[in-house]
Amino acid sequence: MSRLFSMVLVGIGGYYAYKNRFRLVNIVLGSPMIRRMVVSSLMNVPYVRNLMTKTVFSGRPAF
């Protein structure tokens, strides 16, 4: 019975986390230290790093 109850609570919590996912991301990334850790860890992924550098350095002058 307690396992069923805990599964229901996890399901309800997951639903509300999904429903408010953008608000949760804004709260988490609002801290400069956590934002720096997330960005640095994402830039260690080769695909993400290549995608970002292609976007930023597209060959056109910025001015």
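**Figure 1. Burial and exposed surface of the chain in this predicted model.** Of the 63 residues in the chain, 0% are buried. Burial here requires a relative accessible area under 20%. The chain exposes about 6,200 Å². Carbon and sulfur atoms supply 70% of that exposed area.

**Figure 2. The helices and the overall dimensions of the chain.** The chain contains four helices and zero strands. Read from the N terminus, its elements follow the order α-α-α-α. The chain has a radius of gyration of 19 Å, whereas a compact globule of 63 residues would have one near 11 Å. Along the principal axes, the C-alpha atoms fill a box of roughly 65 × 25 × 20 Å.

**Figure 3. Confidence of the prediction along the chain.** The mean pLDDT of the chain is 88. A value of 70 or more is reached by 92% of the residues. Confidence is highest in helix 1, at a mean of 94. Confidence is lowest in helix 4, which spans residues 46-56, at a mean of 86.

**Figure 4. A nonpolar patch on the surface.** The patch is formed by M1, L4, V8, I12, Y15 and Y16. Together these residues have about 700 Å² of accessible area. One of them, I12, is found in helix 1, which covers residues 2-19. I12 is partly exposed because its relative accessible area is 43%, and the partly exposed class lies between 20% and 50%. Y15 and Y16 also belong to the patch and are shown again in the next view.

**Figure 5. The aromatic pair Y15 and Y16.** A search of the whole structure finds one aromatic pair. The ring centres of Y15 and Y16 are 5.2 Å apart, and the ring planes stand at 70°. The pair is therefore edge-to-face, since planes over 60 degrees apart are classed that way. Y15 is partly exposed, with a relative accessible area of 47%. Y16 is partly exposed as well, at 46%. Both tyrosines are members of the nonpolar patch.

**Figure 6. I12 in helix 1 and its distance to L24.** I12 sits in helix 1. I12 and L24 are 12 residues apart in sequence. Their C-alpha atoms are 16 Å apart in space. The relative accessible area of I12, 43%, makes this residue partly exposed.

**Figure 7. G14 in helix 1 and its distance to R3.** G14 is placed in helix 1. With 40% relative accessibility, G14 counts as partly exposed. G14 and R3 are separated by 11 residues in sequence. From C-alpha to C-alpha, G14 and R3 are 16 Å apart.

**Figure 8. T55 in helix 4 and its distance to L4.** T55 lies in helix 4, the helix where confidence is lowest in the chain. At 57% relative accessibility, T55 counts as exposed, because the class begins over 50%. T55 and L4 are 51 residues apart along the chain. Their C-alpha atoms are separated by 47 Å. L4 is one of the residues in the nonpolar patch.

Note on methods
Residues are numbered from 1 along each chain as its sequence is written. This is a predicted model: local features need pLDDT of at least 70, side-chain atom pairs count only at pLDDT 80 or more; totals for chains, interfaces and linings use all residues. Side-chain values use heavy atoms; hydrogens and water are left out. Helices (H or I, at least four residues) and strands (E, at least two) are DSSP runs, numbered from the N terminus. The radius of gyration is taken over C-alpha atoms; the globule rule is 2.2 Å times the number of residues to the power 0.38. Buried means under 20% relative accessible area, exposed over 50%, partly exposed in between (1.4 Å probe, protein chains only). Accessible areas come from the Shrake-Rupley method with a 1.4 Å probe; for residues, only the protein chains shown count as cover. Patches are made of residues with over 30% relative accessible area and no salt bridge: like charges are joined within 9 Å, nonpolar side chains (Val, Leu, Ile, Met, Phe, Trp, Tyr) within 5 Å. A salt bridge is a side-chain nitrogen of Lys or Arg within 4 Å of a carboxyl oxygen of Asp or Glu. pLDDT is the predictor's confidence in each residue, from 0 to 100. Rings of Phe, Tyr and Trp (its six-membered ring) pair if their centres lie within 6.5 Å; planes under 30 degrees apart count as stacked, over 60 as edge-to-face and the rest as tilted.
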